[in-house]
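I opened this entry to keep track of what I looked up, one item at a time. Here is what I had in front of me.

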Amino acid sequence: MTTLPPTLELRAITKRFGHVAALRDVHLSAYAGQILAVVGDNGAGKSSLIRTISGVYRPDEGTVRVEGEDQNFANPAAARAAGVATVFQDLALVEVLDVATNMFIGQYPRRGPFVRRRAMERQTRAFLDELGVSVASVRTEIGMLSGGQRQIVAIARAMRTGGRIVLLDEPTAALGVRETAQAADMIRTLRDRGNTVIIVSHDMSLVFDLADRIQVMRLGRVAGVRERTRTTRDEIIGLITGAVTGDEAPADGASTTP
Ligand SMILES: Nc1ncnc2c1ncn2[C@@H]1O[C@H](COP(=O)(O)OP(=O)(O)O)[C@@H](O)[C@H]1O
Ligand SMILES: [Mg+2]
């Protein structure tokens, strides 16, 4: 499909919480200008995977390689500095601050000690307009927005911060039909601008609509990776539930598919 090396590569990642292995020997490759969907049942390890890439968790074993360099992110700010932007499942917008402030959080435009409030509002408005995002006022507090509008703002923020690698954990879980379509357009825009996009989603319609490749997680392991045009919903759902045998042999040595 591509001859370029992956922009993001995980090798043999294991992450344990006490006796629970949230991730076991997980490999992943993601490429610029492509959308990789990560799917799996609840507890399969999807969020742990996103948090490990984005510097929230440190892996117990294995390596995270970004644009050819091994990384050991101490925190999400370190990941962001290396070009990895994340929209977490629980959003992390500040409810009592307005839209413009949230868009620029931690990176306010300044003149000397002063935040350039007007510039921030103007740039936020221009950016949201460019994306076709309808928010009545950039001075609206985030807490006053619908779940869908918040999610759109969170995706817009990840786009604004210029992450070359964008991770989205269940970005449409709380959205209605129209908002989901808007989020899907934004995610396509990210891909078309050459970003590397990883999206975690339960929504098979969205996954088959957006993804170039689909990685299925099951019980902390990789059950399979498929190109979207060479698989079916039935196969993906089978890999999620275990009805279709995964590619990597489980510890008990059961057979694998070729
Ligand atoms: N911070 C944590 N502490 C303890 N266990 C965790 C933590 N995060 C995830 N887990 C466990 O790891 C497994 C995978 O969870 P998670 O990555 O959230 O899965 P998913 O996002 O696919 O639903 C689950 O068994 C979950 O209970
Ligand atoms: Mg999750």
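My notes follow, starting with the ligand and moving on to strands, helices and backbone angles. One reminder to myself: this is a predicted model.

**Ligand 1**

I began with the surroundings of the ligand. Which residues surround ligand 1? I listed F17, V20, A22, D41, N42, G43, A44, G45, K46, S47, S48 and Y57. By class, I sorted this shell into 5 nonpolar, 5 polar and 2 charged residues.

Next I asked which elements supply the shell. Both β2 (20-30) and α1 (46-53) give at least two residues each. The largest share is from α1, with 3 residues.

Then I looked up polar contacts. An oxygen atom of ligand 1 sits 2.6 Å from an N or O atom in the side chain of S48. An oxygen atom of the ligand is also 3.0 Å from a polar backbone atom of G45. On the nitrogen side, I found a nitrogen atom of ligand 1 at 3.3 Å from an N or O atom in the side chain of Y57. I also checked how much of the ligand is covered. Alone, ligand 1 exposes 560 Å², and the protein buries 62% of that.

**T14 and D25**

I moved to T14, in strand β1 (residues 8-17). Is T14 buried or exposed? T14 is buried, because its relative accessible area is 8%, below the 20% cut-off. Beyond its neighbours within four places in sequence, T14 is in contact with L23, R24, D25, P59, D60 and E61. One of these drew my attention. The side chain of T14 reaches the backbone nitrogen of D25 at 3.2 Å.

So I looked up D25 as well. D25 belongs to strand β2. At 35% relative accessibility, D25 counts as partly exposed. I also noted its backbone angle: phi of D25 is near 50°, a positive value in a residue other than glycine.

**Strand β11: I214 and Q215**

I took two residues from strand β11. I214 is found there, in residues 213-218, and the place of Q215 is in β11 too.

I214 has 0% relative accessibility and is therefore buried. I checked what I214 touches, leaving aside residues within four places in sequence. Its contacts include L36, A37, V39, V207, F208 and I236. R228 is another contact of I214. I214 and R228 are 14 residues apart in sequence, yet their C-alpha atoms are 6.4 Å apart in space.

Q215 is buried as well, with a relative accessible area of 1%. What does the side chain of Q215 reach? I found the backbone oxygen of H27, at 2.9 Å. Among the residues that Q215 touches, not counting those up to four places away, are V26, H27, L28, V38 and V222.

**Helix α4**

I compared the span of α4 with expectation. At 1.5 Å a residue, its 15 residues should span 21 Å, and the end C-alpha atoms are 21 Å apart, so the two agree. The buried residues of α4 are A119, M120, E121, T124, F127, L128 and L131. I kept a general point beside that list: an α-helix has 3.6 residues a turn, so residues three or four places apart point the same way. The buried residues of α4 pack against α3 (99-103), β8 (114-115), α5 and α6. After the helix comes G132, with a positive phi near 75°.

**Helix α6**

I ran the same lookups on α6 (residues 177-192). It has 16 residues and reaches 22 Å from its first C-alpha to its last, close to the 22 Å expected. I wrote down its buried residues: E179, T180, Q182, A183, A184, M186, I187, L190 and R191. What covers them includes α4 (117-131), α5 (147-160) and α7 (204-210). Strands β3 (34-39), β9 (165-169) and β10 (196-200) are also included in the cover. Just after α6, G194 takes a positive phi of about 95°.

**E170**

My last lookup was in the loop between β9 and α6, where E170 lies. E170 is not glycine, yet its phi is positive, near 50°. Buried or exposed? E170 is buried, with a relative accessible area of 7%.

Conventions. Residues numbered from 1 in each chain as written. Chains lettered and ligands numbered in written order. Predicted model: local features only at pLDDT ≥ 70, side-chain atom pairs only at ≥ 80, totals over all residues. Heavy atoms only, no water. Helix = DSSP H or I, 4+ residues; strand = E, 2+ residues; numbered from the N terminus. Buried < 20%, exposed > 50% of the residue type's maximum accessible area, 1.4 Å probe, protein only. Polar contact = N/O pair within 3.5 Å; in protein donor to acceptor, adjacent residues only side chain to side chain. Contact = heavy atoms within 4.5 Å. Expected span 1.5 Å × (residues − 1). Near = heavy atom within 4 Å. Areas by Shrake-Rupley, 256 points an atom, 1.4 Å probe, with all protein chains shown as cover. Nonpolar A, V, L, I, M, F, W, Y, C, P; charged D, E, K, R; others polar.
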